[in-house]
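Reader: I would like to learn how to read a model of this kind, feature by feature. Could you take me through one slowly?

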Amino acid sequence: MHIPTDAAAKKILDANATGIHKVGEHIVAVTGLSHIVTNDGMLYRIVPRDGAYVAEPWRVLPGAPRRSGLLSDGRLFVSCLGADVVITPKGDMQLATPQNISGTQEQAPPAPPRRK
């Protein structure tokens, strides 16, 4: 819902929203449903248009979202029934791993100094 101060409330999105987050410069609604044979998830960007707001489909999730939240670097983490994913503010999506969630990458230990 968009509730302006000078007008009536307007429904922006008719979906099962499980979270709303500010991802970069975008407002993103995390939506989806798992019920009997349905297991769908979608991210919508909420954008201003003609003095109001509209929901635009942005990214398809690998299943219904269970939980979502922002990582310390501003990326969106979404745990879905199909897989856990991380989405950048530009919209790049990848499977979540312990390394890309924590922001640390495993590196090989430095090579020992070479002897002459």
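Author: Let us begin with a single side chain and its surroundings. Setting aside residues up to four places away in sequence, Arg75 touches Gly69, Leu70, Val86, Ile87, Thr88, Pro89, Gln94, Asn100 and Ile101. Please keep in mind throughout that this is a predicted model.

Reader: Where in the chain does Arg75 lie, and is Arg75 buried or exposed?

Author: Arg75 belongs to the loop that runs between strand S5 (65-70) and strand S6 (76-80). Its relative accessibility is 11%, and because anything under 20% is called buried, Arg75 is placed in that class.

Reader: Which polar partners does the side chain of Arg75 find, first among side chains and then on the backbone?

Author: The side chain of Asp73 makes a polar contact with the side chain of Arg75 at 2.7 Å, and the backbone oxygen of Asn100 is reached by the Arg75 side chain at 2.4 Å. Asn100 also appears among the residues that Arg75 touches.

Reader: How much confidence does the predictor attach to the chain, and where does pLDDT stay under 50?

Author: The average pLDDT of the chain is 87, and 88% of the residues score at least 70. Over residues 104-109, however, pLDDT stays under 50, and for this stretch the model has four contacts beyond four places in sequence.

Reader: What does the secondary structure of the chain come to, and in what pattern does it follow along the sequence?

Author: There are eight strands and one helix, and, read along the sequence, they follow the pattern β-β-β-β-β-β-β-β-α. Of the 116 residues in the chain, 32% are buried. Among contacts with a separation of 6 or more, 29% join residues that are 24 or more positions apart.

Reader: How should I look for empty space, and what volume does the largest pocket have?

Author: The general idea is that rolling a probe the size of a water molecule over the atoms shows where empty space is left. Here the largest pocket has a volume of about 250 Å³. Its lining is made up of Met1, His2, Lys11, Ile12, Leu13, Ala15, Ala17, Ile20, Ile27, Ala29, Ile46 and Tyr53, which divide into 10 nonpolar residues, one polar and one charged. Strand S1 (17-23) and strand S2 (26-35) each supply at least two residues of that lining.

Reader: Which residues have a positive phi although they are not glycine, and where do they lie?

Author: One of them is Ile36, with a positive phi of about 55 degrees, which lies in the loop between S2 and S3 and is exposed, with a relative accessible area of 77%. Another is Asp50, whose positive phi is about 50 degrees; Asp50 is found in the loop between S3 and strand S4 (52-61) and counts as exposed at 78% relative accessibility.

Reader: What, finally, is Asp40 in contact with, leaving aside neighbours within four places in sequence?

Author: Asp40, which has its place in strand S3 (residues 38-49), is in contact with Thr31, Gly32, Leu33, Gly63, Ala64 and Pro65 once those neighbours are left aside. The C-alpha atoms of Asp40 and Leu61 are separated by 7.2 Å, although the two residues are 21 residues apart along the chain. With a relative accessible area of 48%, Asp40 is partly exposed, whereas Arg75, at 11%, is buried.

Terms used. Residues numbered from 1 in each chain as written. Predicted model: local features only at pLDDT ≥ 70, side-chain atom pairs only at ≥ 80, totals over all residues. Heavy atoms only, no water. 1 Å grid on protein atoms, 1.4 Å probe; cavity = no way out; pocket = protein on both sides within 12 Å on 5 of 7 lines; lining within 4 Å. Points joined across faces, edges and corners; volume = space filled by probe spheres on them. Helix = DSSP H or I, 4+ residues; strand = E, 2+ residues; numbered from the N terminus. Nonpolar A, V, L, I, M, F, W, Y, C, P; charged D, E, K, R; others polar. Buried < 20%, exposed > 50% of the residue type's maximum accessible area, 1.4 Å probe, protein only. Polar contact = N/O pair within 3.5 Å; in protein donor to acceptor, adjacent residues only side chain to side chain. Contact = heavy atoms within 4.5 Å. pLDDT = per-residue confidence, 0-100.
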